[in-house]
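The following exercises concern backbone geometry, helix packing and nonpolar cores. Please work through each task with the sequence and the model at hand before reading its solution.

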Amino acid sequence: MRKICIVAGARPNFVKIAPLTRAIAKSNDADCQLIFAGREDDPTLEDTLFDDLQMRRPDVCLGVDSHRLNEITAQVMGAFDRYLDEHATDVVIVVDDLASTMAAAITAKKRGLKVAHLVAGTRSFDINMPKEVNRLVIDALSDYLFTAGVKTTSVATREQQSETSQTYMVGNILMDTLRQNLPRFRQPAIDIAAGEYIVFTLNRKALIDDEKQLQQTLAALIDATGDVPIVAPLRPNVLGVVVRLLQMSNINIQTSKFNIQSPLPYLEFGWLTAHAKGIVTDSGNVAEEATFNGVPCITLNDYTEHQETVTVGSNVLVGSDNAKLCTALGNMIGGKWKQCALPDRWDGRTAERIVQILLN
């Protein structure tokens, strides 16, 4: 019996893990333990998340609670090391590029365990980004590098550090989750009509901290979208910043078409983005989902870790250039968006491929 341990560091990881836990459960040759680096009472892990994803809650929570990246790394290494003292493990699967992801990979490798990285090969090529450091370390330590696309496969293969490391283009596991839940999406209780609104999301710290640029971006977004309403599901800390900046621009939140919402459950957010006229975001995951749904998407970054969303899909990068943002919004609202298609291996079978590789 192959003993597999999956380590999640934050809420978005569970969206990718859900299909993997189901695929492992179907196998008679593997057993899976699900570990969360944070606290059991983490407010982002609401019960509806696990109900929506049709998966169990984590088997073990390491209890790490810090916002300082190096503290997170140290605490996760210590707590995960103690977990491994008590649980026989053959393979540790780490997800994405968080400090906790890197910490789990280092700890597992020091114990001589096999490490699998989902999703490997993603790069910004900006070494000043903490996540870029995490990616380089995790990929260098991993025995199995599971990539989502051609570009990431090329990067992971080129940078392989060991003859025992193997790169596998398994596809985009987010699509497994989307295909599973598409019929279950439910419309949120917001006064909107399908195809008649823009979704705006904001998460990245660098963009939130640059308040002068963000204020200009919000003003450009509101001006360029005309009468089209904007629906913005925002986390509490982001919501406060956005409300203050809109007020500084003399925009009345109560009467504005800028409709700020609290974060939505997974199935409701999925409906919202799938039925939008377009999306403006800084999230790679949201841009990937937009490509799957064929919804025009503008990303407020100069790069994307998943280049296929731009070269094949519906994503356009505008960075911090508000002139580009306004031009792209004009095309979005005017129905002049580029042709797009599904990238290779976005077929909903990624988790199945991963389990086959780990067991064979």
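**Exercise 1. Locate F125, describe its backbone, and decide whether it is buried or exposed.**

Solution. The loop between β5 and α5 holds F125. The model is a predicted one. In the backbone, F125 shows a positive phi of about 60°, although it is not a glycine. Most residues other than glycine have a negative phi. For the final step, the cut-off for exposed is over 50% relative accessible area. F125 is therefore exposed, because its relative accessibility is 54%.

**Exercise 2. Carry out the analysis for D96: where does D96 lie, and is D96 buried or exposed?**

Solution. D96 lies in the loop between β4 (91-95) and α4 (99-110). Its phi is positive, about 65°, and D96 is not a glycine. The cut-off for buried is under 20% relative accessible area. With a value of 13%, D96 is therefore buried.

**Exercise 3. Identify the residues joined by a cis peptide bond and place V119 in the chain.**

Solution. The bond between L118 and V119 is cis, with omega about 15°. Most peptide bonds are trans. V119 belongs to the loop between β5 (114-118) and α5 (130-141).

**Exercise 4. Describe how α1 and α7 are arranged and which residues make the contact.**

Solution. Two packed helices are described by the angle between their axes and the distance between the axes. The axes of α1 (residues 11-25) and α7 (residues 173-181) come within 8 Å and cross at roughly 80°. Angles of 65 to 115 degrees count as roughly perpendicular, and α1 and α7 are therefore roughly perpendicular to each other. From α1, the contact involves V15, K16, P19, L20 and R22; from α7, it involves I173, L174, D176, T177 and Q180. By character, the residues of this contact comprise five nonpolar, two polar and three charged.

**Exercise 5. Which residues touch the most other members of the largest nonpolar core, and which element gives the most to this core?**

Solution. The largest nonpolar core has 59 residues, of which I6, F14, L20, F146 and L358 touch the most other members. The element that gives the most to this core is α1, with seven residues. Taking I6 as the example, and leaving aside residues up to four places away in sequence, its contacts are I17, L20, T21, I24, C32, Q33, L34, I35, I93 and V95. Another core, of 31 residues, lies apart from the largest one; I230, A232, V241 and V280 are among its members.

Definitions and conventions:
Residues are numbered from 1 along each chain as its sequence is written. This is a predicted model: local features need pLDDT of at least 70, side-chain atom pairs count only at pLDDT 80 or more; totals for chains, interfaces and linings use all residues. Side-chain values use heavy atoms; hydrogens and water are left out. Helices (H or I, at least four residues) and strands (E, at least two) are DSSP runs, numbered from the N terminus. Buried means under 20% relative accessible area, exposed over 50%, partly exposed in between (1.4 Å probe, protein chains only). Axes are lines fitted to C-alpha atoms, for helices over the stretch in contact, and angles run from 0 to 180 degrees between N-to-C directions. Angles under 35 degrees count as roughly parallel, over 145 as roughly antiparallel, 65 to 115 as roughly perpendicular and the rest as oblique. Contact means heavy atoms within 4.5 Å. Ala, Val, Leu, Ile, Met, Phe, Trp, Tyr, Cys and Pro count as nonpolar, Asp, Glu, Lys and Arg as charged, and the others, Gly among them, as polar. A nonpolar core is a set of buried Ala, Val, Leu, Ile, Met, Phe, Trp, Tyr and Cys residues joined through side-chain atoms within 4.5 Å.
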